[in-house]
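Hi everyone, thanks for making time for this. I'd like to walk you through one model, and please have it open on your screen as I talk.

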Amino acid sequence: MAGWRSGSRFISPVWLMVTVLGQLLAAQAHQLRFVTVVYRHGDRSPVRAYPTDVHQESAWPQGFGQLTPIGMKQQWDLGQALRARYKGFLNESYDRHEIYVRSTDVDRTLMSAESNLAGLYPPEGSQIFNPNISWQPIPVHTVPDSEDRLLKFPILPCPKYLKLQEETRRSPEYVNKTRDNTEFLHMVANKTGLKDCSLESVWTISDILFCESKHNLSLPSWVTTEVFERLSDLKDFSFRFLFGIIEQEQKARLQGGVLVAQILKNITAAARNASNSLKFIAYSTHDTTLGALQMALDVYNGKQAPYASCHIFELYEESPGNFTVEMYFRNDSTQQPFPLSVPGCMHRCPLERFRSLLDRVIAKDWEKECQLSNPVNDTEVIVGLVACGCILFLLIVLLLTVLFRQKSQTVGYQHVSDMGEEQS
C-alpha cells in the first residue's frame, strides 16, 4: 500500500484518515450550547442607617440602596469577563435572538444589568448610534416586586416556610447562637440606638458598617476589628437561617428550588432545540438570590456572595443527543471562576443525572406545598356563599309574601260576610 514518509516514519493513508477523523470528532465533541448566569448586583450604598449613625442618607449621593460608580464598574468588568469567556459562542455584536436578561424590580439590580450589558456588548458598526458613546441600549426585563416569585427571596407569602422558620428558631443551633451572643447583641442595640437587635436583624448593622468602610467613611469607636468580624459572622448565620440550619431540603423546595426548576427548564429546552436560538440567559439579582440558589443546589460555602459574584451554568453537547452540565462560581474578579459540583455527580455532570439529583428540591405544586389556599377553591366557596345568600333571600321574600297574603285574606273575610248579606 502506498504511503507517505515523514522523516524516517512511514505514515499509512488509512492511519492518516483515522487520525484526521478522530481530530474532527474531538473538535465536534463537548460543544457549548447554552449558558445561564445568576449574578449579584455591584457595590451599593447601605439600604438604611441605624439611629445613632452619623452617616445618614444624605451621605450617599443617590440615597440608600443604590448602585455606586464602583458597582457599575464591577458589573462592567463582569460583562467584559463574560465576553472573553464566551468569545466565539456569542455573536460579537448584540443579537436579540441570542440573549435574554431579567432583573428584579430594584434600581441597583436593573442598573447592574445595564452596566453588565455595556461590558458584554460594546456597540460595533451599525450599532454605534453616537461615536462619542461606547454603549447601546439592550432590553432588561422585570416584573413588579410584589409578583416576583423567581428571583426575589425569600418568596412570600408561604405559610409552610414561615412554620419552618419558627422550627428553626427552636433548633439547638439557633438557641445556642442566641445564648452565646445575647450580651453582644444588647451592646450593639445600645450603641446603635435600636430597640431590638436579634440574630435575624443584626445583618443590617454589619451591612451598614461594611458599606461605610468600603467608602472610607468613619466608623464609630466601638466598632473594633473583633466587633466587625463578629458582626460579619452573625450576618453569614442569618443567611443560613433563611435557607438552611434545619430542613434545608424542604426550605429549598419552597425557595431556591423555584429558580432551580426554571433554570433546568431552560437548559432542557436548549438541549431539545426548543429554545428558539436563545443561547444566553442572565439574571440580575441579590445576595439572598444566590444564597437560596446555592443552598438548593447544596453548594453553598457559608459566606455571603460578594458584589458582582456570578453563578454559571453551562450546557455542553458531548455527542448527538448526549448533554452534560457544568457549574462555576466567580466570586473573585482576580481569579477564574472555580468549578462547582452537585453532590452525587462529577463536575461534568450528565444532564439527566443533574436533573434527577435536583428533582428532590423542586416542588410539584408550589402553592400546595406552601399551604396557600387554592384560589380556585376560594372562588368556588365565594360563589357558593353568594348563591346560598340569594336563595335564602328569595325564600325570605317568598315567606313574607305568603304571610302578607294570608293576613290580607283574613282581614277581607271579616269585613265581607256572606251570612250578613243573606240576612239583609
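How many cavities of 30 Å³ or more does a search of the whole structure find? It finds one. Before I go on, please keep in mind that this is a predicted model.

So, that cavity. About 40 Å³ of space lies inside it. If you want to select the lining, take Val325, Glu326, Met327, Leu340, Ser341, Val342, Met346, His347, Cys349 and Phe354. Sorted by class, that lining has seven nonpolar residues, two polar ones and one charged one. Which element supplies the largest share of the lining? That would be strand S7, residues 322–330, with three residues.

Two of the lining residues lead us on to other features: Phe354 and Cys349. Let me take Phe354 to begin with.

Phe354 is one of the buried residues of helix H11, which covers residues 351–358; the others are Leu351, Leu357 and Leu358. Why do these buried residues lie on the same side of H11? Because the arc they cover around the axis is only 130 degrees. As for their partners, the buried residues of H11 pack against helix H9 (256–271), helix H10 (287–297), strand S6 (310–319), S7 and strand S9 (349–350). So S7 turns up both here, as a packing partner of H11, and in the cavity lining.

Now to Cys349, and with it the disulfides. As you all know, a disulfide is a covalent bond between the sulfur atoms of two cysteines. The count for this model comes to two. Cys349 pairs with Cys345, and their sulfur atoms are 2.1 Å apart. The torsion about that S-S bond is about 105 degrees, so this disulfide is right-handed. Cys345 is buried at a relative accessible area of 15%, and Cys349 counts as buried too, at 2%.

The other disulfide joins Cys158 and Cys370, with 2.0 Å between the sulfur atoms. This pair links distant parts of the chain, 212 residues apart. Cys158 sits in the loop between helix H3 (107–120) and helix H4 (159–169), while Cys370 sits in the loop between helix H12 (366–369) and helix H13 (375–415). Is this disulfide left-handed or right-handed? The torsion about the S-S bond is about -95 degrees, so the disulfide is left-handed. Cys158 and Cys370 are both buried.

Counting the bonded cysteines along the chain, the pattern is 1-4, 2-3. While we are on cysteines, I'd also mention Cys197, which counts as buried at 9% relative accessibility, and Cys310, which is buried with a relative accessible area of 0%.

Next, the pocket. How much space lies in the largest pocket? About 390 Å³. There are 18 lining residues, and those closest to the centre are Phe153, Trp203, Leu242, Asp287 and Thr288. Helix H7, residues 225–243, gives the most to the lining, with four residues. H7 and H10 each supply at least two. By class, the lining divides into eight nonpolar, four polar and six charged residues. For anyone tracking H10, that helix is also one of the elements that the buried residues of H11 pack against.

Phe153 brings me to the backbone. A quick reminder: most residues other than glycine have a negative phi, and most peptide bonds are trans. With that in mind, where are the cis bonds I'd like you to look at? One joins Phe153 and Pro154, with omega about -5 degrees. Another runs from Leu156 to Pro157, with omega near 5 degrees. Pro154 lies in the loop between H3 and H4, and Pro157 lies in that loop as well. Cys158 of the left-handed disulfide is in that loop too.

Finally, two phi values. Ile245 has a positive phi near 70 degrees, though it is not a glycine. Ile245 lies in the loop between H7 and helix H8 (248–254), and is buried, with a relative accessible area of 19%; the cut-off for buried is under 20%. Ala308 has a positive phi of about 60 degrees, and lies in the loop between H10 and S6. Ala308 is buried as well, at 5%.

That's my tour, and I'm happy to take questions.

Notes
Residues are numbered from 1 along each chain as its sequence is written. This is a predicted model: local features need pLDDT of at least 70, side-chain atom pairs count only at pLDDT 80 or more; totals for chains, interfaces and linings use all residues. Side-chain values use heavy atoms; hydrogens and water are left out. On a 1 Å grid over the protein atoms alone, a cavity is a set of points where a 1.4 Å probe fits but cannot get out, and a pocket is an open set with protein on both sides within 12 Å along at least five of seven lines; lining residues have an atom within 4 Å of a point. Grid points are joined across faces, edges and corners, and a volume is the space filled by probe spheres set on the points. Ala, Val, Leu, Ile, Met, Phe, Trp, Tyr, Cys and Pro count as nonpolar, Asp, Glu, Lys and Arg as charged, and the others, Gly among them, as polar. Buried means under 20% relative accessible area, exposed over 50%, partly exposed in between (1.4 Å probe, protein chains only). The arc is that of the directions from the helix axis to the C-beta atoms. Contact means heavy atoms within 4.5 Å. A disulfide is a pair of cysteine sulfur atoms within 2.5 Å.
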